Amino acid sequence: MSLINQLNNAPLGGQSQTSTQSAAPSKQVTSAATEQTSTTGNPFLDAIRLPEEKSIPEANSQGLSQEDFFSLLSQQLSMQDPFKPVDNDQMIAQMAAFSTVDGISNLNDEIINLNTVMTSSQALQASGLVGQKVLIPSDTGHLSVEDPVLKGVVSTPEAIEIIVVRIEDDKGQLIKTFEVDGSQGGNVDVSWDGLDKNGDAMPSGNYSIKASGRVDGQSEELAVSTYAHVTSVSLGTASTGSILNLRGIGGIKLGDVLAVSEV
């Protein structure tokens, strides 16, 4: 009897194993069919298909909203002592305080948006300076093939009969010295033709215009501003504003420009 039972049990175990093995491929076939249905086989259609929506948990806000405030207020009113109810003035003051905070938050958002709009508008207006020359508060200018003449303005506190102008290279070496009339006082225009004291043309690069004169009987250094060529405009930020990119010099804030000149 034991032999018969063993023989009878063997096929049953074999059938169970076979059914288990056959179930596994069916799952693989089902998953493969699902993957095939997720794509059409056409690269263009698959590219424009909308992505499947995925549930992304929303970030928990740490601030109290208006709904949270009224919920807390409702709980406070429902649990108050009926013999000592909340004063109406106190409740109105709480609501007014919350409304004020909410209004300030909205105002900050509006100011940020306004700064963004003003920055873009300022950059659009500054783009009209591209190709122009602007006067900057610096005694250093750029000499190039496009700009073979270096121009600047010497500011004098009073009328000075003779102003001594010195041209120096980026290493501080003296290139040329000449004199201009400062008897009119105020802002005196100066111009250097790009030639050294021997009449030879200087190579492209940055050069400085230095000026000095006698004020109250003593020789003093005078403030010098130079003209620079605007090549492009950068947007900048709300704090810096638009940035003018100058040929051979770098960037300068639009608010630091002293004057605009023709090419």
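**Figure 1. Surroundings of His229 in strand β8 of the predicted model.** His229 touches Gly131, Gln132, Lys133, Asp147, Asn245, Leu246 and Arg247, where residues up to four places away in sequence are not counted. The residue itself sits in strand β8. Is His229 buried or exposed? Its relative accessible area is 13%, and the cut-off for buried is under 20%, so His229 counts as buried. Two of the residues that His229 touches, Lys133 and Asp147, appear again in the next view, where they are listed among the residues closest to the centre of the largest pocket.

**Figure 2. The largest pocket and its lining.** The space in this pocket comes to about 230 Å³. The lining is made up of 15 residues, and those closest to the pocket centre are Lys133, Asp147, Val149, Lys151 and Tyr227. Which strands each supply at least two residues of the lining? They are β3, residues 150-156, and β8, residues 218-237. Strand β8 gives the most, with three residues. Sorted by class, the lining holds six nonpolar, three polar and six charged residues.

**Figure 3. Side-chain contacts of His142 in strand β2.** His142 is placed in strand β2, which covers residues 140-143. Its side chain makes a polar contact of 2.9 Å with the side chain of Asn206. The side chain of His142 also reaches the backbone oxygen of Gly205, at 3.5 Å. Beyond its neighbours within four places in sequence, His142 is in contact with Asp147, Leu150, Gly205, Asn206, Arg247, Gly248 and Ile249. Among these, Asp147 and Arg247 are also touched by His229.

**Figure 4. Met202 in the loop between β6 and β7.** The loop that holds Met202 runs between β6, residues 186-192, and β7, residues 205-215. With neighbours within four places in sequence left aside, Met202 is in contact with Leu143, Ile175, Trp192, Gly194, Leu195, Asp196 and Tyr207. One of these, Ile175, is 27 residues from Met202 along the chain, and the two C-alpha atoms are separated by 8.9 Å. The relative accessible area of Met202 is 22%. Buried requires a value under 20% and exposed a value over 50%, so Met202 is classed as partly exposed.

**Figure 5. Glu221 and its contact with Arg166.** Glu221 lies in strand β8, as does His229. Glu221 is exposed, because its relative accessible area is 54% and the cut-off for exposed is over 50%. Which residues does Glu221 contact, leaving aside neighbours within four places in sequence? They are Arg166, Ala211 and Ser212. The side chains of Glu221 and Arg166 are joined by a polar contact of 3.4 Å. Glu221 and Ala211 stand 10 residues apart in sequence, and their C-alpha atoms are 6.0 Å apart in space.

**Figure 6. The whole protein, for orientation.** The secondary structure consists of four helices and 11 strands. The protein has 263 residues, and 22% of them count as buried; His229 is one of the buried residues. The accessible surface comes to about 18400 Å², with 55% of this area belonging to carbon and sulfur atoms. Among contacts between residues at least 6 apart in sequence, 61% join residues at least 24 apart.

Technical notes: Residues are numbered from 1 along each chain as its sequence is written. This is a predicted model: local features need pLDDT of at least 70, side-chain atom pairs count only at pLDDT 80 or more; totals for chains, interfaces and linings use all residues. Side-chain values use heavy atoms; hydrogens and water are left out. On a 1 Å grid over the protein atoms alone, a cavity is a set of points where a 1.4 Å probe fits but cannot get out, and a pocket is an open set with protein on both sides within 12 Å along at least five of seven lines; lining residues have an atom within 4 Å of a point. Grid points are joined across faces, edges and corners, and a volume is the space filled by probe spheres set on the points. Ala, Val, Leu, Ile, Met, Phe, Trp, Tyr, Cys and Pro count as nonpolar, Asp, Glu, Lys and Arg as charged, and the others, Gly among them, as polar. Buried means under 20% relative accessible area, exposed over 50%, partly exposed in between (1.4 Å probe, protein chains only). Contact means heavy atoms within 4.5 Å. A polar contact is a pair of N or O atoms within 3.5 Å; within protein, one must be able to donate a hydrogen and the other to accept it, and residues adjacent in sequence count only if both atoms are side-chain atoms. Accessible areas come from the Shrake-Rupley method with a 1.4 Å probe; for residues, only the protein chains shown count as cover.
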